[in-house]
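Good morning, colleagues. Please have the sequence and the coordinates open while I speak.

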Amino acid sequence: MKCLLEKLKKETELETRLSREDYDRMLKSIRQMMSVDTTALLKNITLAELKLIYCVDEHFKEHGRPFSSTEAAEQLGISAPAVSRTVKGLEVKGFLERRLDDSDRRSVKIIITEKGQSVLEENMRRCIALLDSVFTKFSDKELADMVRLHCKFSDELMRITSNINGE
């Protein structure tokens, strides 16, 4: 794998803009962030389930109407069957309900329950507490720089990948 990365690195402008050490540190950092064990952080829910519940809640707050399964799939960038499986699991746990749309009986709306709202709030508090404990290690300037650079990185990544996907 390292040989492949070295070959790819030499074919990009990163070869001239980053030292080998910085390039390796960046890749290691990305791998570390991607391998964070969220099961230790989250309580009674998986990260995929939390993302779905969060989107259902935010959609209702923003639009004043329940989320459809199709909207959930589009928002999360996952397949409709994956949304359906996740919603079914969350229904079993009592966190979400599915209801047929009164105006279109083919459409299913996803609604967060009180229990789902409670588990969402609890886990969001846990995530915020974790971030707060990490951010205490940063100076105000470091934190502002990190936020600015992270947003720039994320925006550029989204722009490039949406162009690849023809959006």
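Which residues form a nonpolar patch on the surface? They are Met26, Ile30, Met33, Met34, Phe153 and Leu157, and together they have about 630 Å² of accessible area. I should say at once that this is a predicted model. Two elements, helix 3 (20-34) and helix 8 (140-164), each supply at least two residues of the nonpolar patch. The largest share, four residues, comes from helix 3. Met26 has its place in that helix, helix 3. At 33% relative accessibility, Met26 counts as partly exposed, because the partly exposed class lies between 20% and 50%.

Let me now turn to the chain as a whole. The protein chain has eight helices and three strands, and along the sequence they follow the pattern α-α-α-α-β-α-α-β-β-α-α. Of its 167 residues, 22% count as buried. The chain exposes about 12400 Å², of which carbon and sulfur atoms supply 57%. Among contacts between residues at least 6 apart in sequence, 48% join residues at least 24 apart.

I continue with helix 4. Helix 4 has 17 residues, and the distance from its first C-alpha to its last is 24 Å, close to the 24 Å expected at 1.5 Å a residue. Its buried residues are Glu49, Leu50, Leu52, Ile53, Cys55, Val56, Asp57 and His59. What do the buried residues of helix 4 pack against? Their partners are strand 1, helix 5, helix 6, strand 2, strand 3 and helix 7. After helix 4 comes Gly64, with a positive phi near 70 degrees.

The loop between helix 3 and helix 4 contains Asn44. This residue has a positive phi of about 65 degrees, although Asn44 is not a glycine. With a relative accessibility of 52%, Asn44 counts as exposed, because the cut-off for exposed is over 50%.

Next, helix 6, which covers residues 80-93. At 1.5 Å a residue, its 14 residues should span 20 Å, and the end C-alpha atoms are indeed 20 Å apart. Buried in helix 6 are Ala82, Val83, Thr86, Val87 and Leu90. Why do these residues lie on the same side of helix 6? They cover an arc of only 130 degrees around the axis, which puts them on the same side. The general background is that an α-helix has 3.6 residues a turn, so residues three or four places apart point the same way. The face of helix 6 turned away from the buried side carries the exposed residues Arg85, Lys88 and Val92. The cover over the buried residues of helix 6 includes helix 4 (47-63), helix 5 (69-76), strand 2 (96-100) and strand 3 (108-112). Gly94 follows helix 6, and its phi is positive, near 85 degrees.

Helix 7, residues 114-135, can be described in a similar manner. It has 22 residues and reaches 31 Å from its first C-alpha to its last, close to the 32 Å expected at 1.5 Å a residue. Its buried residues are Gly116, Gln117, Val119, Leu120, Asn123 and Cys127. Seen down the axis of helix 7, these buried residues fall within an arc of 165 degrees, so they line one face of the helix. Glu114 and Arg125 are exposed on the face turned away from the buried side of helix 7. The buried residues of helix 7 pack against helix 4 and strand 3.

I close with two residues in the strands. Is Ile110 buried or exposed? Ile110, which has its place in strand 3, is buried, with a relative accessible area of 1%. Leaving aside neighbours within four places in sequence, Ile110 is in contact with Val56, Pro66, Phe67, Ser68, Ser69, Ala72, Val83, Val87, Leu96 and Glu97. Of these contacts, Val56 is one of the buried residues of helix 4, while Val83 and Val87 are among the buried residues of helix 6. The C-alpha atoms of Ile110 and Leu96 are separated by 6.7 Å, and the two residues are 14 residues apart along the chain.

Ser68, in turn, has its place in strand 1 (residues 67-68). It counts as buried at 7% relative accessibility, because buried means under 20%. Not counting residues up to four places away in sequence, Ser68 touches Ser107, Val108, Lys109 and Ile110.

Note on methods: Residues numbered from 1 in each chain as written. Predicted model: local features only at pLDDT ≥ 70, side-chain atom pairs only at ≥ 80, totals over all residues. Heavy atoms only, no water. Expected span 1.5 Å × (residues − 1). Buried < 20%, exposed > 50% of the residue type's maximum accessible area, 1.4 Å probe, protein only. Arc of directions from axis to C-beta. Contact = heavy atoms within 4.5 Å. Patch = residues over 30% accessible without salt bridge, like charges linked within 9 Å, V, L, I, M, F, W, Y side chains within 5 Å. Areas by Shrake-Rupley, 256 points an atom, 1.4 Å probe, with all protein chains shown as cover. Salt bridge = Lys/Arg side-chain N within 4 Å of Asp/Glu carboxyl O.
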